[in-house]
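Here are some short exercises, each with a worked solution. Have the structure open and try each task before reading on.

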Amino acid sequence: MTSKPKVWVARPLFPEVLARLAQVAEVTAETEERPRSPAELKARLAEVDAAVVGLTDRVDAAALEGNQRLKVVANLGVGHNNLDLDALTQAGVLACNTPDVLTESVADFGWALMLAAARRIGAAERWLRAGHWPGSHMRFDDWLGLDLHGRTLGILGMGRIGQAVARRAGGFGMPVLYHNRSRLPAAVEQECRATLVSKAELLARADFLVLVLPFTAANHHAIGAAELAQMKRSAVLVNIARGGIVDDAALAAALREGTIAAAGLDVFEGEPAVHPDLLVLDNAVLSPHIASASAATRRDMANLAIDNVIAALGYGESAGRPPTPLNPAVFDRWAIRKA
Ligand code: 8YV
């Protein structure tokens, strides 16, 4: 009788999801969130056939060096800038992510940040909780915010999540402009009621600019001082993509100086650290990278990551056919076949 494959789960996961995995594998699951050194990550990966990792686990050539055992790395997220796909492919390790299941929740959250930033919900709540309302003689013209309805929504990066953000714009009567590496098929443009424009035009015309592009070296500081200067002074910037796409220091300066009106940010360069200049600004709504964190979606993400592992290890109905591989070419080099 062959022994069960070993799987390491790097982040605490829902017990019922782990239980599914335990039916086919010997599971070591972390019970706490904590940062890991590259050496620890490498040692963990060397002991197992599969790993379920989070965005802070950087799986690169150094982490995989000398690893003869690992077959699959499943990322708990759609973004996979923590995975070096070339190094994984080179090492014959399948990489998987969690697309689709989080699209709608992340799009919802993009709208939550737009609304919160435009209508100053964070600052107003802090003011109320601080006890300022009684006795303040709040004026009729206090707490004035910006309307969304009828304004122009701009989307930078028009993949699945960008399109889901766009589809919601109809309810607010907002025309949609987008900029993307490639033009969407006409039918999708029509469904999203979105018009392709240059990046310069997007910056100049958007009243609300939502960033939904993947993080790559080319996208580092895609929004910096120069781009912010091209935006309207009344514009609101929302980042639900990745820290590092925005130059946070430049954004803080722009918010302080009134170059743009407000921002809603779920991601930060160097998170969990947040640029100190952002922390003191009342016109920035800040959240701790929770756009996908609805109860249902985080479960779906965990289940999809586990489905990938189970299938990649050759078990279950999809044995040998993980649902969402990132480097499927690796299969050609595998001996695993459906039993
Ligand atoms: C994270 C995300 O996975 O999917 C992504 O790319 O950034 C998020 O859904 C989530 O915050 C867990 O760290």
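**Exercise 1. Compare the radius of gyration of the chain with that of a compact globule.**

Start with the rule: 2.2 Å times the number of residues to the power 0.38, with the radius taken over C-alpha atoms. For 339 residues, this puts a compact globule near 20 Å. The chain has 22 Å, which agrees. For the extents, the C-alpha trace spans about 75 × 50 × 35 Å along its principal axes.

A word on ground rules: this is a predicted model, in which local features need pLDDT of at least 70 and side-chain atom pairs count only at pLDDT 80 or more, while totals for chains, interfaces and linings use all residues. Residues are numbered from 1 along each chain as its sequence is written, and side-chain values use heavy atoms, with hydrogens and water left out.

**Exercise 2. Describe how domain 1 and domain 2 meet.**

Step 1: find the bounds. The assignment, which is automatic or from a database, gives domain 1 as 6–101 + 295–338 and domain 2 as 103–286. Their centres, taken over C-alpha atoms, are 32 Å apart.

Step 2: list the contact (heavy atoms within 4.5 Å). Domain 1 supplies 8 residues and domain 2 supplies 5 residues.

Step 3: get the buried area, meaning the accessible area (1.4 Å probe) that two parts lose on being put together, summed over both. About 590 Å² is buried between domain 1 and domain 2, and carbon and sulfur atoms give 41% of that. On the domain 1 side, Asn81, Asp100 and Thr297 lose the most area, together 62% of what that side buries.

Step 4: look for a salt bridge (a side-chain nitrogen of Lys or Arg within 4 Å of a carboxyl oxygen of Asp or Glu). The rule finds 1 across this interface. Aspartate 100 forms a salt bridge with arginine 160, and their closest N and O atoms are 3.5 Å apart.

**Exercise 3. Place two backbone features in their loops: the cis peptide bond at proline 272 and the positive phi of histidine 137.**

Step 1: count the elements, which are DSSP runs numbered from the N terminus (helices are H or I, at least four residues; strands are E, at least two). The chain has 13 helices and 12 strands.

Step 2: take the cis bond. It joins glutamate 271 and proline 272, with omega about 15 degrees. Proline 272 sits in the loop between strand S11 (262–265) and helix H12 (276–279).

Step 3: turn to histidine 137. Its phi is near 50 degrees, a positive value in a residue other than glycine. Histidine 137 belongs to the loop between helix H6 (121–129) and strand S6 (153–156).
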